[in-house]
Structures are given as structure tokens and as C-alpha cells.
Amino acid sequence: MFDDKFENRLRGHARKLFGQAKEPPSGHRARFEQRLKEFVVEQDVPGHKKMFGSMAQTKNTDEAYQSGMVISLKKRFITTVAAAAILAVFIFLLNPFTEKRQGSELADVRNYYNMKLEEQTDATRQLIQQMDEAHREVLLANVEYIENEPIPDLQIPDDEYIILIASVYTNKIETLRNIQKVIRENI
């Protein structure tokens, strides 16, 4: 095999290479295999076991390879966990800011439409004061009901809830304007 030919050539030229008779210095093979494994792990060379044959199957090299793989997997795992932690921090830190901003938008919309409703309610009440007493109490009760009718409290996203608030207040304001129109026509 490839390893036998290589080893035979090494033994044949041992004197020229190592200055000894037939064997390389003691521990040479183990140090070579260890350095080779470290190089392979650092370079992440695919298919290195095929390339190096039986050298990769020795006990020392398998342990070195496995420890290198474990270290490599640990590094990848730690990197992944760190990236996930950073991402989670950004999501959780930025999320309350967006909720506060959306909450303030919701309050702004509610305040705007509440102000518009108050204007129309006051205008309608002033017109009702000009009506005769027989119809005045019924109309004031209707205006009071329209003004105090609650907005449904639903579990929907803020954007959709803003649309709901706008439509409810718009309907109330339109109803009050229609009452004002009817009163003006009958005065």
C-alpha cells in the first residue's frame, strides 16, 4: 500500500535523512502524526482519512483528531450561542421601545378623536337647547348615550385597534352631525 511504500523508502534513506541506520528517531512517527492531525484540523481538509490511510487510524492520531474535532465543535457552538444571545438582547431591548411608541400612537389617536367628539357633542347640545322641552330630554339622552358608548376592547394588534377606534369615533361624530342637521331643519 501507499504507507508501506513510503515507510520502506524512509527506512531505505534513513541514514541520509536522520543520520541513523534504519529507523527514524524515537517518537518521530508520533510527533509527525500529531502535527499532521493538527494541521488537518486547522485547515479543515475534507476526506483527509482517505488521503492519509492507516496513519489516521492509529490510536494517537484518532485521539488527536477527535480532540481537535471537539475543540472545533465547541468553538462553533460557543459562536452560535453568542450570536443567538446578541440577537435576543437586541430583540428584547428594542421591543419595549416599539411598544411604548405604539402605545403613544394609540393614545394620540384616542385623544384626537375624543376632542373631535367633544366639539360635536357641545355643538349638538347647544342646538338642542333651542328645541322645545318635549323633545329636548330625549335628544339630550341620545347625545349622552352616543358620547358614553364604550369602544370595544378586543385582543387585536395595535394597528387594527387604531383603525377600530377611528371608525367608532367617526360613526359617533357622523351621528351627532346628522342630529345637528335634523335640528337645524326643524328650528
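**Ring, core and salt-bridge contacts in an all-helical chain**

The charged end of Lys-172 is placed over the ring of Tyr-169, at 5.5 Å from the centre of that ring. The model in which this arrangement appears is a predicted one, and Tyr-169 serves here as an entry point to the contacts described below. With a relative accessibility of 8%, Tyr-169 counts as buried, because the cut-off for that class is under 20%.

The chain as a whole contains 7 helices and 0 strands, so that, by the DSSP assignment, the order of elements from the N terminus reads α-α-α-α-α-α-α. Of its 187 residues, 21% count as buried, and the chain exposes about 14,200 Å², of which carbon and sulfur atoms supply 58%. Among contacts between residues at least 6 apart in sequence, 54% join residues at least 24 apart.

Aromatic contacts amount to 2 pairs. In one of them, Tyr-112 and Tyr-113 meet edge-to-face, with 5.2 Å from centre to centre and 80 degrees between the planes. Tyr-113 and Tyr-169 form a stacked pair, with 6.0 Å between the centres and 20 degrees between the planes. This stacked pair links distant parts of the chain, since Tyr-113 belongs to helix α5 (residues 59-128) and Tyr-169 to helix α7 (residues 158-186), 56 residues apart. Taken together, the ring pairs link Tyr-112, Tyr-113 and Tyr-169 into a cluster. Within this cluster Tyr-112 is partly exposed, at a relative accessible area of 41%, whereas Tyr-169 is buried.

Helices α5 and α7 are also connected through other residues. Gln-120, found in helix α5, is buried with a relative accessible area of 14%, and, when residues up to four places away in sequence are not counted, Gln-120 touches Ile-173, Leu-176, Arg-177 and Gln-180. Lys-181 lies in helix α7 and is exposed, its relative accessible area being 52%. Between Lys-181 and Thr-124, which are 57 residues apart in sequence, the C-alpha to C-alpha distance is 9.4 Å.

The largest nonpolar core comprises 19 residues, and those with the most contacts inside it are Leu-139, Ile-151, Tyr-161, Ile-165 and Ile-183. Two or more residues are given to this core by each of α5, α6 (133-148) and α7, and the largest share, 10 residues, comes from α7. For Ile-151, the contacts beyond four places in sequence are with Tyr-161, Ile-165, Val-168 and Tyr-169.

Charged side chains form 3 salt bridges. Arg-125 meets Glu-144 at 2.9 Å, N to O, and this pair links distant parts of the chain, with Arg-125 in helix α5 and Glu-144 in helix α6, 19 residues apart. Arg-125 also meets Glu-147 in a salt bridge of 2.8 Å, N to O, and here too the pair links distant parts of the chain, Glu-147 being in helix α6 and 22 residues from Arg-125. Arg-125 is partly exposed at 23% relative accessibility, as is Glu-147 with a relative accessible area of 23%, while Glu-144 is partly exposed at 36%.

The side chains of Glu-174 and Arg-177 meet in a salt bridge of 3.4 Å, N to O. Because Glu-174 and Arg-177 are 3 residues apart in helix α7, about one helical turn separates them. Glu-174 is partly exposed with a relative accessible area of 38%, and Arg-177 is likewise partly exposed, at 40%. Salt bridges that share partners join Arg-125, Glu-144 and Glu-147 into one network.

Methods: Residues numbered from 1 in each chain as written. Predicted model: local features only at pLDDT ≥ 70, side-chain atom pairs only at ≥ 80, totals over all residues. Heavy atoms only, no water. Helix = DSSP H or I, 4+ residues; strand = E, 2+ residues; numbered from the N terminus. Buried < 20%, exposed > 50% of the residue type's maximum accessible area, 1.4 Å probe, protein only. Contact = heavy atoms within 4.5 Å. Areas by Shrake-Rupley, 256 points an atom, 1.4 Å probe, with all protein chains shown as cover. Phe/Tyr/Trp six-rings, centres within 6.5 Å; stacked < 30°, edge-to-face > 60°. Lys NZ or Arg CZ within 6 Å of the ring centre and 35° of its normal. Core = buried A, V, L, I, M, F, W, Y, C linked by side-chain atoms within 4.5 Å. Salt bridge = Lys/Arg side-chain N within 4 Å of Asp/Glu carboxyl O.
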